[in-house]
Amino acid sequence: MSLARFVERLLQLIPVLLGVSVIVFAMITLTPGDPVQIMIGDQIVTPEQEAAMRRDLGLDRPIHERFFAFLGNAVQGDFGQSFYHRRPVIDVIKERLPATIELSLVALIIALVTAIPLGVLAAIKRNSFLDRLATVGSLLGVSLPGFWFGILLIMLFAVHLQILPVSGRIGYASEIEPITHLLLIDTLLRGRVDAFFDALSHIIMPAITLGLPMTAILMRVTRTSMLEVMRQDYITFAEAKGLSRQKVLFRHALKNALIPTVSVAAIETGSLLGGNMIVETVFGWPGLGRLVVESIFVRNYPLVQAAVLFYAVTYVMLNFFADILYTILNPRVKL
Amino acid sequence: MSAPTDKTLLQVEGLRTVFETRDGTVCAVDGVDVIVERGECLGVVGESGSGKSVTFNSVMGLVRSPGRIEAGRIMFEGRDLRALNQTEMRAVRGRDIAMTMQDAMTALNPALTVGEQIAEMLEAHDKGLPSGRNARRRAIRAHSVKMLGLVGIASPETRLGQYPHEFSGGMRQRIMIAIALASMPKLLIADEPTTALDVTIQAQVLELITDTRAKLGMSVVLITHDLGVVAEHCDRVMVMYAGQVVEQGRTADVIMRPKHPYTKGLLGSLPRLSLRGQRIEPIEGQVPELIDLPAQCRFYSRCRERGPECLKNIEMRDAGNGQTARCVRVQKELAT
Ligand SMILES: Nc1ncnc2c1ncn2[C@@H]1O[C@H](COP(=O)(O)OP(=O)(O)OP(=O)(O)O)[C@@H](O)[C@H]1O
Ligand SMILES: [Mg+2]
């Protein structure tokens, strides 16, 4: 991919991001009634605080001025005060983000390491019992509601068998001084193997729940694309060379078959970030998703605004990244 | 068909390859016999869909589901290839019998460089490579460069690192030939190797195949639509129609004195002595569906010489001089 083309693609993101910010901005502006009163609801605030909120939202200025102010502030990471937390929104989000990122990463890893081998196996042993099982499994995976599956896991492993904790990110005894804020890494960096396993036992159920639909989708994509690739002439030619089965499968087939899998995985990572509101709530996971749900309930609009903007930007960026990845993996696509 | 001799490299007998489809069982190859002698070049001609590719894919053991070889013996150097297990068959493929595919645009892996695709052929068959790691890599590289040069690819050193999409169709065809010849096989099956090439390159590629043939004593099966290529390069020719061999014999005999009405049709009114570049002439009518064929001559509906005696299964008949044809009218001529 040439640099010029890369820059062009990057520039194409600008209108998309602009559109997203308009929508996010409109969230508050178009809310009927007095947004400040709605945000306050039945909380007790001093008149000074109410005045500060009004000033923050700039409700006294014309709409276009307010939009550009919002945009300017947003670019600088200023989303106003989380009045509920009595701190800047951006600080609250920063604090919660690592938990969400860690959960999403583990879910992504679980999805990749189960979906790809299963998809390949299902394709190689097409129409076998294993293939059918995988098909049914993936159908369930995409259609089971996350909260239901999560509760099922909790009931089985936490309540009934009592081998995994019900909720939270880590036990009190295992709290450590953060380095990267990703607990699985930090515990190891601090040499606390016990704490690592504690963190692992907390993350495993939410990560599986979060990663399940993605696992199902990636498995289907891998299977379909593997079957498609195996029919190609170049596979026949590779076989005609007398190459070993492993060479034909992994060097010739998988390399091509994974191209769609990787792109879909990159795009789906966006929905992983969005999908964790439910999972984080079910498992009491102290991440951004749960924060957003809580904020919606207390009408903490500035925080919801910032979070939605964050989700949208991440999603757009992941799509962009998926495109780039596709062209890197696929030498045929000349950009 | 002539009897096998110790000079026989490949002998296929009664090959039957079928494909299960929604409409029924397609019998793509039905009772085909082939003999390839050591060092000779056998031309294979026939309209599209007559079973040329399927026949030789069967020889390679590369018929995929929904297709399968239903009957027949495939003897190569005295061994029945159908009786070999997967590992044994892999040792035959590439090393003893190499193949180039019909469609050069799709036969090379888009995700691997040309160099990698040549090298793996050499690695798999390891004919006289040095044992040290680096020496080995250098030998493979040198050999790959040589092969690309031989098929007429300019600046092969840089070309090795490029991907198939960076080459034209004709170049990919030649790369495929370079790969097939790299392991110095005993038999080369070339499925329409010159179709995508312009005349100069075509001559160059055929010359390369013929040279290698002479040098290694390699045998060649040349599947082609070009009767000029057959006339110039093939010792014998085999004509296929609707999954059967309808005529075979020495090239000169078949071209000068075709016995089967289908062969006569193919040759049409071509000026016999300047066949170069002549494509097979279209014959009126269509190839029959290869499902549940009635017991009669398969060419019946299109034949100018048909009669009631053609409405039964027709065997190959000896026309003398080793020429045989699947037609009731064929009579043995006195050897001249
Ligand atoms: N995968 C398949 N499924 C069903 N039928 C098939 C399949 N592959 C081949 N056939 C059948 O086999 C017949 C012979 O095909 P083949 O490719 O051998 O023809 P060919 O003589 O090589 O033709 P061409 O000159 O176009 O290459 C075709 O008519 C087709 O009906
Ligand atoms: Mg063919």
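These legends describe close-up views of a predicted model with chains A and B.

**View 1. Helix H6 of chain A and its covered face.**
Helix H6(A) runs over residues 129–143. At 1.5 Å a residue, its 15 residues should span 21 Å, and the end C-alpha atoms are indeed 21 Å apart, so expectation and model agree. Which residues of H6(A) are buried? They are Asp131(A), Ala134(A), Ser138(A) and Gly141(A). Seen down the axis of H6(A), these residues fall within an arc of 85°, so they line one face of the helix. An α-helix has 3.6 residues a turn, so residues three or four places apart point the same way. The cover over the buried residues of H6(A) includes two helices of chain A, H5 (89–124) and H9 (193–230). The other side of H6(A) carries exposed residues: Phe129(A), Arg132(A), Leu133(A), Leu139(A) and Ser143(A).

**View 2. The open sheet of chain B.**
Eight strands of chain B form an open sheet with mixed pairing. Their order is E6-E7-E8-E3-E9-E10-E12-E11. Strands E6 (97–100) and E11 (317–318) of chain B are the edges, and each pairs on one side only. Strands of a sheet pair through backbone hydrogen bonds, either parallel or antiparallel.

**View 3. Strand E8 of chain B between its two neighbours.**
Strand E8(B) covers residues 219–223. Strand E7(B), residues 187–191, runs parallel to E8(B) and is joined to that strand by five bridges. Ile189(B) stands opposite Val221(B) in this pairing. Strand E3(B), residues 41–45, is also parallel to E8(B), with four bridges between them. Here Leu42(B) stands opposite Val221(B). Is E8(B) mostly covered or mostly open? It is mostly covered, with five of its five residues buried. In a regular strand the side chains alternate between the two faces of the sheet. On one side of E8(B), Ser219(B), Val221(B) and Ile223(B) are buried. On the other side, Val220(B) and Leu222(B) are buried too, and both faces are thus covered.

**View 4. Strands E1, E4 and E5 of chain B.**
Strand E4(B) spans residues 67–76 and runs antiparallel to strand E1(B), residues 8–21. Eight bridges join E1(B) and E4(B). Within this pairing, Leu10(B) stands opposite Phe76(B). Strand E5(B), residues 79–80, is antiparallel to E4(B) as well, and two bridges join E4(B) and E5(B). The bridge partner of Met75(B) in E5(B) is Asp80(B). E4(B) and E5(B) form a hairpin, with two residues between them. Glu77(B), in the turn, has a positive phi of about 45°.

**View 5. The cis peptide bond before Pro66(B).**
Ser65(B) and Pro66(B) are joined by a cis peptide bond, with omega at about 10°. Pro66(B) sits in the loop between helix H1 (52–59) and strand E4 of chain B.

**View 6. Two loop residues with positive phi.**
Gln162(A) is not a glycine, yet its phi is positive, near 55°. Gln162(A) lies in the loop between helix H7 (146–160) and helix H8 (183–189) of chain A. Is Gln162(A) buried or exposed? Its relative accessibility is 61%, so Gln162(A) counts as exposed, the cut-off being over 50%. In chain B, Met184(B) has a positive phi of about 50°, although Met184(B) is not a glycine. Met184(B) belongs to the loop between helix H7 (169–182) and strand E7 of chain B. At 39% relative accessibility, Met184(B) counts as partly exposed.

**View 7. The interface of chain B and chain A.**
The contact takes in 29 residues of chain B and 23 residues of chain A. The area buried between the two chains is about 2,300 Å². Carbon and sulfur atoms give 57% of that area. Which residues of chain B lose the most area to chain A? They are Arg64(B), Glu120(B) and His165(B), together 25% of what the chain B side buries. How many salt bridges cross the interface? The rule finds three. The side chain of Glu120(B) meets that of Lys241(A) in a salt bridge, at 2.7 Å from N to O. Glu120(B) thus takes part in a salt bridge and is among the chain B residues that lose the most area.

How values were computed: Residues numbered from 1 in each chain as written. Chains lettered and ligands numbered in written order. Predicted model: local features only at pLDDT ≥ 70, side-chain atom pairs only at ≥ 80, totals over all residues. Heavy atoms only, no water. Expected span 1.5 Å × (residues − 1). Buried < 20%, exposed > 50% of the residue type's maximum accessible area, 1.4 Å probe, protein only. Arc of directions from axis to C-beta. Contact = heavy atoms within 4.5 Å. Pairing = 2+ DSSP bridges. Buried area = accessible area lost by both parts, 1.4 Å probe. Salt bridge = Lys/Arg side-chain N within 4 Å of Asp/Glu carboxyl O.
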